[in-house]
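Here are a few notes from my pass through this model, in no strict order. Have the structure open while you read.

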Amino acid sequence: NSTGTDEKTSDQGTKPEEDTPKTSLFLGKYDSFEAWMERRQGSVGFITDRTLLLSVYLEEPDYQWTEEDIQVTNRVKKIAYSFLEEELREKYDTQIQLIYDVEEHEDLLFHIKLEENIPAYVTTEKEREIDDLEDAWIATLPVRELMEKYQADSVGFLFFLAHEGCSYSSMHFIDDGVKTWDESCLLYLRDMYSKTLEYETPAVYAHELLHLYGAEDLYTEADVFSKDTYEKAQKQFSGDLMINTYDVINGKYTIYSDSVKQIITPLTAYLIGVPGVEYPLEGTTELVKEEVGCFCGSTYDRPF
């Protein structure tokens with residue numbers, strides 16, 4: 001995890017020999033880096049935070065990144081995150097501030113060489129192993145320095161794999177404390193469910209990032225809440241990006257490479273803590289949150 005201390009000194013006083021050490025605030029808001037980590041929302045906190053996203057391209061023994069494929073991921077990021085910015089601004093009068101463009105900010109791009117390949121589909125058991133690997137990868141990154149440079153309140157990690165697979169996110173839950181503090185998305189280059197292995201879509205990138213802010217999957221197969229709750233959510237808030245990231249047209253799996261067709265409904269807006277949005281799901285309280293943007297409980301209590 002991205003831990004550390006904050007013991008900077010500053011030169012003050014009229015005489016150089018009388019310099020007095022002074023502890024600086026982390027980001028000018030928190031008593032220390034550790035105090036920032038005590039925030040219950042995890043490394044990606046509130047939807048209104050200034051959020052820094054670090055892009056880490058994982059080089060596997062059998063799969064390496066080309067410059068062309070990296071450019072594809074950059075294009076998809078821009079479409080996905082522009083959609084989120086516009087959707088939240090126009091529908092909820094909420095400003096989301098994402099700092100992620102590695103073409104503009106080269107210091108946000110990293111490569112890490114792996115000793116083993118990551119499978120296309122990560123099982124629950126394997127996910128726990130990868131959580132530990134992600135902690136080790138993050139420990140090599142200059143997280144604190146970059147957060148201070150960009151004055152970011154939140155930081156998330158985008159781990160990219162140069163082959164097909166099923167993308168997913170690692171979310172923070174309050175009872176896990178610092179164990180799952182760092183929140184991340186594992187994003188594959190290509191969609192394993194596409195018969196022609198098309199590139200992963202902007203809808204998937206947007207869907208996964210919303211998880212880090214506290215959004216929940218709203219499709220029945222997620223199996224976290226009751227079937228009745230999923231049915232109510234799907235009926236009352238059809239078209240939500242957290243229900244699906246694709247369409248089924250004439251029985252065919254259909255994805256879109258240049259846009260996001262889904263929407264952010266009031267249910268997902270509530271879950272990610274959009275200011276002023278009250279709990280909107282009728283007939284159940286299963287999705288009510290005690291903390292803005294974060295669920296109580298542990299990721300290890302979940303069925304995935």
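Which residues form one aromatic cluster? My notes start there.

1. The cluster is made up of Phe26, Phe33, Trp36 and Trp181. Bear in mind throughout that this is a predicted model.

2. On aromatics in general, searching the whole structure turns up 14 aromatic pairs. Take Tyr57 and Phe160: their ring centres are 4.7 Å apart and the planes meet at 10 degrees, so this pair counts as stacked. It's a contact between distant parts of the chain, with Tyr57 in strand β1 (residues 50-59) and Phe160 in strand β4 (residues 154-165), 103 residues apart. Both partners are out of solvent: Tyr57 is buried at 0% relative accessible area, and Phe160 is buried, also with a value of 0%.

3. Now set Tyr246 and Tyr253 beside that. Here the ring centres lie 5.0 Å apart with the planes at 40 degrees, so the pair is tilted. As for accessibility, Tyr246 comes out partly exposed at 31%, and Tyr253 is partly exposed too, at 34%.

4. Two rings also have a charge over them. Arg190 sits over the face of Tyr199, 4.2 Å from the ring centre. Over the ring of Tyr256 you'll find the charged end of Lys261, at 5.1 Å from the centre.

5. How many disulfides does the structure hold? The count is 0. Cys185 is one of the unpaired cysteines: its nearest cysteine sulfur belongs to Cys166 and is 13 Å off. Cys185 is also buried, with a relative accessible area of 1%. For Cys296, the nearest cysteine sulfur is that of Cys294, 7.3 Å away. A disulfide needs the two sulfurs within 2.5 Å, so that distance doesn't qualify. Cys296 is partly exposed, at 32% relative accessibility.

6. Last, the empty space. There is 1 cavity of 30 Å³ or more in the structure, and the largest cavity takes up about 50 Å³. It is lined by 13 residues, and those closest to its centre are Met171, His172, Gly214, Gly293 and Cys294. Sorted by class, the lining has 6 nonpolar, 5 polar and 2 charged residues. Note that Cys294 turns up here as a lining residue, and in the previous point as the owner of the sulfur nearest to Cys296.

Terms used: Residues are numbered from 1 along each chain as its sequence is written. This is a predicted model: local features need pLDDT of at least 70, side-chain atom pairs count only at pLDDT 80 or more; totals for chains, interfaces and linings use all residues. Side-chain values use heavy atoms; hydrogens and water are left out. On a 1 Å grid over the protein atoms alone, a cavity is a set of points where a 1.4 Å probe fits but cannot get out, and a pocket is an open set with protein on both sides within 12 Å along at least five of seven lines; lining residues have an atom within 4 Å of a point. Grid points are joined across faces, edges and corners, and a volume is the space filled by probe spheres set on the points. Ala, Val, Leu, Ile, Met, Phe, Trp, Tyr, Cys and Pro count as nonpolar, Asp, Glu, Lys and Arg as charged, and the others, Gly among them, as polar. Buried means under 20% relative accessible area, exposed over 50%, partly exposed in between (1.4 Å probe, protein chains only). Rings of Phe, Tyr and Trp (its six-membered ring) pair if their centres lie within 6.5 Å; planes under 30 degrees apart count as stacked, over 60 as edge-to-face and the rest as tilted. Helices (H or I, at least four residues) and strands (E, at least two) are DSSP runs, numbered from the N terminus. A charge sits over a ring if NZ of Lys or CZ of Arg is within 6 Å of the ring centre and within 35 degrees of the ring normal.
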